[in-house]
Amino acid sequence: MLPYTEQSVQLMHEGSLALAQVEHDGIRMDVGYLKGAIKKTERRIARLERRLEKSEVCVEWKKAYGSKMKLGSDEQLGKVLFDRMGFKSPGKTESGQHKADESSLAKVDHPFIQDYLKVKKLKKALSTNLNGLLALTVDEYLHPTFSLHVTKTYRSSSEAPNFQNQPVRNEMLAELIRRAFVARPGNHLVELDYSGLEVNIAACYHKDPTMLEYLGDETKDMHRDCAMDLYMLEQEEVTKQIRYYGKNGFVFPEFYGDWYIDCARALWEAIDKSHLVTASGTPLREHLASKGIRRLGALVPGEKPVKGTFEYHVCKVERHFWEDRFPVYAQWRKDWFTQYQKKGWFLTKTGFICQGYMKKNEAINYPVQGSAFHCLLWSLTRLVLQELPKKKMKALIVGQIHDSIVADVPPEELDDFLALAQHVMTTLLMSIWDWIIVPLKIEADVSPIGGSWVDKKPYDLSGIAKPRVRKKWKRYEPGTPEWMSYWKAHPEDQEEMVNYTRRIK
DNA sequence: AAACAGTGCGCG
DNA sequence: AAAGCGCGCACTGTTT
């Protein structure tokens, strides 16, 4: 794995400097809150554990293991539930233990399970997040490390703590943990993220015309369209939640190389788990029944799905997805992998070599994942090393999560900062990398003054961030002495100029 | 006591 | 033919 072009070497070097600055500045923590949350969570866990101990499962557990019994041991619990108490095993792990992850245990119909899973979640939050964060906080500040030399894909990684996996999807955990991350006194905490960055970057590789149309037209929505196919709905019947499962239960998994058997299972389970209902109020299960689909299907690899099952239906949707909707994308995946097999390596759009043994899905995903992150890295670097110091701004970038930037911004700089960041992350970035052939967009979330990471609310960028257009350089003819001297005096405009000359050609 | 493998789970 | 990708961290149970 090597940077291959001069530009990619520079990206790594300057990126390292920028991330070192981010690490140095650090993010402010509400230590008082953290300590209180730890106490509260410890009490909650203790309360729940006392309840667990009264359960018949625990009685049986104690009988089997005596003093060796450990409430945190999934291996022990599996043996108690599935060997001794006769519940049906959800399957085995690689080493032959009973599986005991959340979705496996959830299939066991016993009141013990719900509390056990809740305790497990809280214990993880307490040890990894609350206690972990407190232990790493120094004088009210946390300094996560961001590395560029770790991953196979040329993404970054983060450690001590890992800033990139703090809970957000689970509302209870997000509330508990993210409240500890706060803005510096008097400031806003700001998060800027690229919308659908990996999908956009993938499109720059495969250039599927249907996909380019989806990405270039705000009124089009592929996740909604696929949700319509999957759950056999009219457009108006697709709720936000149903769209969510179309996106995260099918579209993204398919892009990354998943297949209909796993998607069908997840989509089917989502119906009950989230009590999915159409926009007009019909339970989704009922709606599917009215279309003749009442069963999930066997989901056995190698066996043909049975007509009339959900499995059969999702299989058909998958075929339609790749053969009719995105055939060029499908062809690119084949060609890209074939090329890799011939050469043993490939080059990313951002100038990095990936080599070594790769499976098909890996060879297809690495270039996209890496290049997408490099959009973020270039933007962050530009802001940290050039734009913010040049404008003598006090705003600081304090973290980064693959396709988003977390910043700590004084109120008087907020609009300037957002305008600048948007300009760098979209216009300027697209002008230096001409392989970006789709419009990149960002979204902003801003906390109230002195607020925390959970308090951030969507912030309307439409009014603010029209980058100021400089007319000056348009007067100079490229190549003339005036043009050259302006170029030298304004190196920051170099990219804009390159883009300008490219466009007028 | 330290190191290692296996499992599970948090994020994009 | 093969069927999601990438990470870091904590915990259990075993080996060194």
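**Exercise 1. Find which residues come nearest to DNA strand B among the 24 around this strand, and describe how the protein meets the strand.**

Solution. In this predicted model, the residues that come nearest to DNA strand B, out of the 24 around it, are Thr93, Ser95, Val168, Arg169 and Asp403.

Step 1 looks at the part of the strand that faces the protein. Of the atoms of DNA strand B within 4 Å of the protein, 75% belong to sugar or phosphate, while the rest belong to bases.

Step 2 turns to individual atom pairs at the phosphates. Ser95 places a polar side-chain atom 2.6 Å from a phosphate oxygen of DNA strand B. Ala100 has a backbone N or O atom 2.7 Å from a phosphate oxygen of this strand, and a backbone N or O atom of Glu102 lies 3.1 Å from a phosphate oxygen of DNA strand B.

Step 3 considers the make-up of the surface. Helix 6 supplies the largest share of the surface near DNA strand B, namely 3 residues, and by class this surface divides into 4 nonpolar, 9 polar and 11 charged residues.

**Exercise 2. Work out which residues are closest to DNA strand C, and which element gives the most to the surface near that strand.**

Solution. Step 1 names the surroundings: DNA strand C is surrounded by 30 residues, and the closest are Ser73, Ala160, Tyr256, Trp259 and Tyr366. Sugar or phosphate accounts for 72% of the atoms of DNA strand C within 4 Å of the protein, with the rest belonging to bases.

Step 2 examines the atom pairs. A backbone N or O atom of Lys152 lies 2.9 Å from a phosphate oxygen of DNA strand C. Asn162 brings a polar side-chain atom to 2.9 Å from a sugar or linking oxygen of the strand, and a polar side-chain atom of Asn365 lies 2.9 Å from a sugar or linking oxygen of DNA strand C.

Step 3 assigns the surface to elements. Those giving two or more residues to the surface near DNA strand C are helix 4 (74-84), helix 6 (111-136), strand 5 (157-159) and helix 16 (360-390). Helix 16 gives the most, with 5 residues, and the residues of the surface near DNA strand C divide into 5 nonpolar, 15 polar and 10 charged.

**Exercise 3. Decide how helix 4 and helix 6 are oriented to each other, and list the residues that meet.**

Solution. Step 1 takes the geometry: helix 4 and helix 6 pack at an angle of about 175 degrees, and their axes are 14 Å apart. Step 2 draws the conclusion, using the rule that angles over 145 degrees count as roughly antiparallel: helix 4 and helix 6 are therefore roughly antiparallel to each other. Step 3 lists the contact, in which Asp74, Leu77 and Leu81 of helix 4 meet Phe112, Ile113, Tyr116 and Lys120 of helix 6. This contact has 5 nonpolar, no polar and 2 charged residues.

**Exercise 4. Repeat the reasoning for helix 15 with helix 16, and then for helix 11 with helix 14.**

Solution. Step 1 treats helix 15 (residues 327-343) and helix 16, which pack at an angle of about 105 degrees with their axes 9 Å apart. Angles of 65 to 115 degrees count as roughly perpendicular, and helix 15 and helix 16 are therefore roughly perpendicular to each other. In this contact, Trp332, Arg333, Trp336, Phe337 and Tyr340 of helix 15 meet Lys360, Ala363, Ile364 and Pro367 of helix 16, and the residues divide into 7 nonpolar, no polar and 2 charged.

Step 2 treats helix 11 (residues 240-255) and helix 14 (residues 310-325), whose packing angle is about 50 degrees, with the axes 12 Å apart. Helix 11 and helix 14 are therefore oblique to each other, and helix 11 passes helix 14 in a right-handed crossing. Helix 11 contributes Phe250, Val251, Glu254 and Phe255 to the contact, and helix 14 contributes Val314, Val317, Glu318, Phe321 and Trp322.

**Exercise 5. Identify which two residues a cis peptide bond joins, and state where Tyr154 lies.**

Solution. Step 1 recalls the usual case: most residues other than glycine have a negative phi, and most peptide bonds are trans. Step 2 finds the cis peptide bond between Ala160 and Pro161, with omega about -5 degrees; Pro161 lies in the loop between strand 5 and helix 7 (171-178). Step 3 turns to Tyr154, whose phi is near 70 degrees, a positive value in a residue other than glycine. Tyr154 lies in the loop between strand 4 (145-147) and strand 5.

Technical notes: Residues numbered from 1 in each chain as written. Chains lettered and ligands numbered in written order. Predicted model: local features only at pLDDT ≥ 70, side-chain atom pairs only at ≥ 80, totals over all residues. Heavy atoms only, no water. Axes fitted to C-alpha atoms, helices over the stretch in contact; angles between N-to-C directions. Helix = DSSP H or I, 4+ residues; strand = E, 2+ residues; numbered from the N terminus. Parallel < 35°, antiparallel > 145°, perpendicular 65-115°, else oblique. Left-handed = near helix turned anticlockwise from the far one by under 90°. Contact = heavy atoms within 4.5 Å. Near = heavy atom within 4 Å. Polar contact = N/O pair within 3.5 Å; in protein donor to acceptor, adjacent residues only side chain to side chain. Nonpolar A, V, L, I, M, F, W, Y, C, P; charged D, E, K, R; others polar.
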